[in-house]
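Let's take a walk through this protein together. Keep the sequence and the 3D view open as you read.

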Amino acid sequence: MPLIVQDGLPAIDILAKEGITVESDKTTSYSGKLLHIAIVNLMPIKIQTETDFLRILSNTPLHIAIDFIQMKSHKSKNTSAEHIAKFYKCFDDISTKHYDGLIITGAPLEMVKYEDVDYWAELSRVIDWSKTSVNSTFYVCWAAFAGLYYNYGIDKHIIDKKISGVFRHKVLERQCSLLRGFDDEFYVPHSRFIVLDKNEILSDSRLTILSEGEKAGVYLVMGENGKEFYATGHSEYSPLTLDTEYKRDTMRGLNPAIPENYYKNDNPDGEVIVRWRAHANLLFTNWIHHYVNQGKF
């Protein structure tokens, strides 16, 4: 079933070419029940992130209406003001509403102290609001670290060598509905200079580590019995996102390491091997059906 988004969003046409139906709120003929999911998009290149998340959320038979949320206290340098004004709401616009699900994306802020982020106060308001106004919140990459810090006081740890590539993970809590149908091992893209201390998470009884990898470390954490999920990787990444990041950093003279388990024969001029798509689709489908829906359908 299609997602419903604001009329004119570029992702509608982009995904149509992939055979994925995303409907405009002005032209949809559907008038039945809807799940409502808000996406706080903190990524710089917002159109790419919009498309990535709509692609991954489309693999469910349920009808979902999507709202994109901006941080009013931050001015984007990589996405036009016109695009944001047309397709994004501010937190004040939705603060009295209830949403079935909320996604907070990553952001390139690993080296910045949380309190020094220009929209930290506003993001904190969103997190506080989500505790009473959202069925389940999914924190992705930087947002996962920021959410664990704000909600539980668990800080990030900066490392010297970037974790970049597609890494193997294992299931730790198979009884959790978020992991229903998962293989014993699965792959996830990662791109970060920060990690979590596993022991700090284990010391808080409100948190459960659902999945981890030998190289990538803690990947999935559940809080408050499914009201919160924290993912340190980027399951939503399109096939070429890591490639774009690697070649961008190469052009900047940063001499980045070749992303692991990503290019065929580890050759950046060769093809990309996509080995995370099935896991990504199942992850978000399980989240929607078992934690976001909560009997609405």
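**Strands side by side**

Start with K170, whose bridge partner in strand β10 is E212. Before going further, know that this is a predicted model, where local features need pLDDT of at least 70 and side-chain atom pairs count only at pLDDT 80 or more, while totals for chains, interfaces and linings use all residues. Residues are numbered from 1 along each chain as its sequence is written, and side-chain values use heavy atoms, with hydrogens and water left out.

Strands here are DSSP runs of E with at least two residues, helices are runs of H or I with at least four, and both are numbered from the N terminus. Strand β8 (residues 157-171) pairs with β10 in the antiparallel sense over 2 bridges; two strands pair if DSSP finds at least two bridges between them. Strand β11 (residues 217-223) also runs antiparallel to β10, and 6 bridges join them. One spot to look for is S211, which stands opposite L220 in β11. A hairpin of 3 residues links β10 to β11.

Is strand β10 mostly covered or mostly open? Mostly covered: 6 of the 7 residues in β10 (residues 207-213) are buried. Buried means under 20% relative accessible area, exposed means over 50%, and partly exposed is in between (1.4 Å probe, protein chains only). As background, side chains in a regular strand alternate between the two faces of the sheet.

Now over to the helices. Helix α2 (residues 46-57) has 12 residues, which should span 16 Å at 1.5 Å a residue, and its end C-alpha atoms are indeed 16 Å apart. The expected span is 1.5 Å times one less than the number of residues. Because 9 of its 12 residues are buried, α2 is largely enclosed by the rest of the structure. Among those buried residues are D52 and F53.

Next, find T241 in helix α8 (residues 241-251). With a relative accessible area of 4%, T241 counts as buried. Which residues does T241 touch, leaving aside its neighbours within four places in sequence? They are Q48, D52 and Y262, where contact means heavy atoms within 4.5 Å. The side chains of T241 and Q48 also share a polar contact of 3.4 Å. That term means a pair of N or O atoms within 3.5 Å; within protein, one must be able to donate a hydrogen and the other to accept it, and residues adjacent in sequence count only if both atoms are side-chain atoms.

Time for some rings. The whole structure holds 22 aromatic pairs. Rings of Phe, Tyr and Trp (its six-membered ring) pair if their centres lie within 6.5 Å; planes under 30 degrees apart are stacked, over 60 edge-to-face, and the rest tilted. F138 and W287 make an edge-to-face pair, 5.5 Å centre to centre with 80° between the planes. F138 sits in strand β7 (residues 134-140) and W287 in helix α9 (residues 277-292), so this pair ties together parts that are 149 residues apart in sequence. Both F138 and W287 are buried. The rings of Y246 and Y263 have centres 6.2 Å apart and planes at 65°, so they are edge-to-face too.

F53, which you met in α2, joins F138, F229, F284, W287 and Y291 in one aromatic cluster.

Finally, the charged end of K156 sits over the ring of Y114, 4.5 Å from its centre. To count, NZ of Lys or CZ of Arg must be within 6 Å of the ring centre and within 35 degrees of the ring normal.
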